Amino acid sequence: MQLRIVTPTGEVLNTEIDQLTASGLLGEFGVLPGHIPFMSALKIGPASYKDKGLLIHYALGEGFAEVYSDQVTLFVETAEASDSIDVSRAQQALARAEKRLTEFKGNLDSADPKLVRAQKAHSRAQSRIFVAKQKSN
């Protein structure tokens with residue numbers, strides 16, 4: 001089946017794959033050729049696909065997935081392949097996000113845009129670190 005990953009800056013990936021695993025809002029899901037059509041919201045997190053037995057990992061931002069007629073399109077804010085992630089930079093981003101989150105001690109009003117940004121930055125950094133440690137195999 002065909003996998004496309006598209007961000008606001010353009011197409012990141014367009015390739016044939018054997019299967020896909022991604023992080024939906026309701027949990028992880030997998031897609032194989034011939035899957036029934038569906039759409040799913042995506043949360044910040046890892047995704048992986050198999051291509052001829054090789055497992056490739058990506059860190060994805062929020063977005064949504066569309067599965068239709070042996071084509072999967074992931075429309076996401078960001079997408080980074082595991083081999084292109086700078087782990088040191090991701091660890092620094094995680095430390096900054098954790099520091100910002102501590103500023104909200106006990107005042108976790110989910111409507112506060114600063115808190116939401118800090119939570120998303122934390123999730124992105126964690127995902128990037130996790131994906132960077134995954135080796136293609």
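This passage describes strand pairing, a long-helix region, the principal pocket and two loop residues in a predicted model.The strands β3, β6 and β7 are considered together, since β6 pairs with each of the other two. Strand β3, residues 19–24, and strand β6, residues 45–51, pair in the antiparallel sense over 3 bridges. Within this pairing, L20 has Y49 of β6 as its bridge partner. The pairing of β6 with β7 is also antiparallel and extends over 7 bridges. Here G45 is matched with L60, its bridge partner in β7. Strands β6 and β7 form a hairpin with 2 residues between them. In the turn of this hairpin, K52 has a positive phi of about 55 degrees.

Positive phi values are also found in the loop between β8 (63–68) and β9 (71–76), where S69 is placed. The phi of S69 is about 50 degrees, although this residue is not a glycine. D70 lies in the loop between β8 and β9 as well, and its phi is near 55 degrees, again a positive value in a residue other than glycine. The two residues fall into separate accessibility classes. S69 has a relative accessibility of 57% and therefore counts as exposed, the cut-off being over 50%. D70, at 39% relative accessibility, counts as partly exposed.

Helix α2 comprises 21 residues, which at 1.5 Å a residue should span 30 Å. The end C-alpha atoms of α2 are 30 Å apart, in agreement with that expectation. The buried residues of this helix are L115, A118, A121, H122, A125, S127, R128, I129, V131 and A132. They pack against β6, β7, β10 (79–81) and α1. An α-helix has 3.6 residues a turn, so residues three or four places apart point the same way.

The relation of α2 to α1 was examined further through T102, which is placed in helix α1. T102 has a relative accessibility of 44% and so counts as partly exposed. The C-alpha atoms of T102 and A118 are separated by 9.9 Å, with the two residues 16 places apart along the chain. A118 is among the buried residues of α2.

R128 is placed in helix α2. Its relative accessible area is 11%, and R128 is therefore buried, as this value is under 20%. Apart from neighbours within four places in sequence, R128 is in contact with A59, E80, I85, D86, R89 and A90.

Rolling a probe the size of a water molecule over the atoms shows where empty space is left. The largest pocket holds about 230 Å³ of space. It is lined by 15 residues, of which E80, A93, R124, A125 and R128 are the closest to its centre. The elements that give two or more residues to this lining are β7 (54–60), α1 (87–102) and α2 (113–133). Helix α2 provides the largest share, 5 residues. By class, the lining of the largest pocket has 7 nonpolar, 3 polar and 5 charged residues. R128 thus appears both among the residues closest to the pocket centre and among the buried residues of α2.

Technical notes
Residues numbered from 1 in each chain as written. Predicted model: local features only at pLDDT ≥ 70, side-chain atom pairs only at ≥ 80, totals over all residues. Heavy atoms only, no water. Helix = DSSP H or I, 4+ residues; strand = E, 2+ residues; numbered from the N terminus. Buried < 20%, exposed > 50% of the residue type's maximum accessible area, 1.4 Å probe, protein only. 1 Å grid on protein atoms, 1.4 Å probe; cavity = no way out; pocket = protein on both sides within 12 Å on 5 of 7 lines; lining within 4 Å. Points joined across faces, edges and corners; volume = space filled by probe spheres on them. Nonpolar A, V, L, I, M, F, W, Y, C, P; charged D, E, K, R; others polar. Pairing = 2+ DSSP bridges. Expected span 1.5 Å × (residues − 1). Contact = heavy atoms within 4.5 Å.
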